[in-house]
Every structure is written in structure tokens, then in C-alpha cells.
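Here's a friendly walk through a structure you may be meeting for the first time. Have a look at the picture, then read on.

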Amino acid sequence: MCIFCKIAAGEIPANIVYKNEHVTAFKDLNPQAPTHILVIPNQHLESVNDIVDDASALVAGECLRAAREIAQQAGLSSYRIVTNIGADAGQSVFHLHLHLLAGRKMSWPPG
Ligand code: AMP
């Protein structure tokens, strides 16, 4: 089981801020902004590359919906959602996750 599967299953601790049938969200251990939350599907998808059918698309959509709800509940008017796909894009954990980042001015393009 991968590390994010273990967090979703409650087998290792995390600072969980949101959980439902499809999705778990928790604070990033190494935050890159005042708000930095990871939103993951409870089921293992490696990355966006695994969104290949209706079931995986539903779960990915639930991740986006959860991110929006978390942002709204936190009163965030601006925020960024990032997902890295593959090592060269910066992916280090191979379980699909959305980075929800907020609380500072963001630059563009990302490095
Ligand atoms: P990425 O590099 O896009 O794959 O993002 C992985 C993120 O997971 C990084 O921002 C890490 O800081 C974060 N991370 C890794 N392990 C944990 C953990 N056990 N709890 C919380 N965040 C983690």
C-alpha cells in the first residue's frame, strides 16, 4: 500500500481536514504556502494518467469538489490547485493528489 493509501485508510497519521466516501484531504508536511492542503482520492490512482473511465473521472471530480468546499469553508477568495504528473513535473508521491495552495501572492509561470 502506498503512503497516501495508508493515510486514506487511517493506518498512518496525518492532519486530516476533510474526509468523505471518495476523498481525504490533509495538511502537507512541507507547506509551500500558508495554506497547503493535499486532496487525494481514497482509492489508488497513480496520477491524472489513471483517469481513464467513468469511475476514475467521478473520483477525480470529487477531489475537485472537495478542494472547492475546503477553500470556501476557509474563506479563501484566491487559491491555486496544482497536480504534478510524472517525476519531471515534480511528482514525488505516485498517488493522485491536488495541492490546494493559498495565503500568499502566487507567481506565474510555476517553476
Ligand atoms: P508531489 O511532489 O506533487 O508528488 O507532492 C507530494 C507532496 O506530499 C509533497 O508536497 C510532500 O510534502 C507531501 N507529503 C509527503 N508525505 C506526506 C505525509 N506523510 N503527510 C503529508 N504530506 C506529505
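What follows goes through the strand pairing, the nonpolar cores, one histidine and one peptide bond.

Before anything else, keep in mind that this is a predicted model.

**The paired strands**

Let's start with strand 2, which covers residues 23-27. Strand 1, made of residues 16-19, runs antiparallel to strand 2, and three bridges join the two. To get from strand 1 to strand 2, the chain makes a hairpin through three residues. Strand 2 also pairs with strand 3, again in the antiparallel sense, this time over five bridges. Here are two of the facing residues, one for each pairing:

| Residue | Stands opposite | Strand of the partner |
|---|---|---|
| Lys 19 | Thr 24 | strand 2 |
| Val 23 | Pro 41 | strand 3 |

So how much of strand 2 is tucked away? Because four of its five residues are buried, strand 2 is largely enclosed by the rest of the structure.

**The nonpolar cores**

Which residues make up the largest nonpolar core? There are 12 of them: Tyr 18, Val 23, Ala 25, Ile 37, Val 39, Cys 63, Ala 66, Ala 67, Ile 70, Ala 71, Leu 98 and Leu 100. Strand 2, strand 3 (35-41), helix 2 (54-73) and strand 5 each chip in with at least two residues. Helix 2 gives the largest share, five residues. A second core sits separately from this one; it has six residues, among them Phe 4, Ala 8, Phe 26 and Ile 40.

Leu 98 belongs to the largest core, and it's worth checking what it touches. Setting aside residues up to four places away in sequence, its contacts include Ile 37 and Val 39, Cys 63 and Ala 67, and also Ile 81, Val 82 and Thr 83.

**A histidine in a loop**

Now for His 95, which lies in the loop between strand 4 (80-82) and strand 5 (98-102). Is His 95 buried or exposed? Its relative accessibility is 0%, and since anything under 20% counts as buried, His 95 is buried. Which residues does it contact, leaving aside neighbours within four places in sequence? There's a run from Ile 40 through Pro 41, Asn 42, Gln 43, His 44 and Leu 45 to Glu 46, and there are also Cys 2, Phe 4 and Cys 5. Two of those partners, Phe 4 and Ile 40, are members of the second core.

**A cis bond**

Finally, look at the segment after strand 5, where you'll find Pro 109. The peptide bond leading from Trp 108 into Pro 109 is cis, with omega near 0°.

How values were computed. Residues are numbered from 1 along each chain as its sequence is written. This is a predicted model: local features need pLDDT of at least 70, side-chain atom pairs count only at pLDDT 80 or more; totals for chains, interfaces and linings use all residues. Side-chain values use heavy atoms; hydrogens and water are left out. Buried means under 20% relative accessible area, exposed over 50%, partly exposed in between (1.4 Å probe, protein chains only). Contact means heavy atoms within 4.5 Å. A nonpolar core is a set of buried Ala, Val, Leu, Ile, Met, Phe, Trp, Tyr and Cys residues joined through side-chain atoms within 4.5 Å. Two strands pair if DSSP finds at least two bridges between them.
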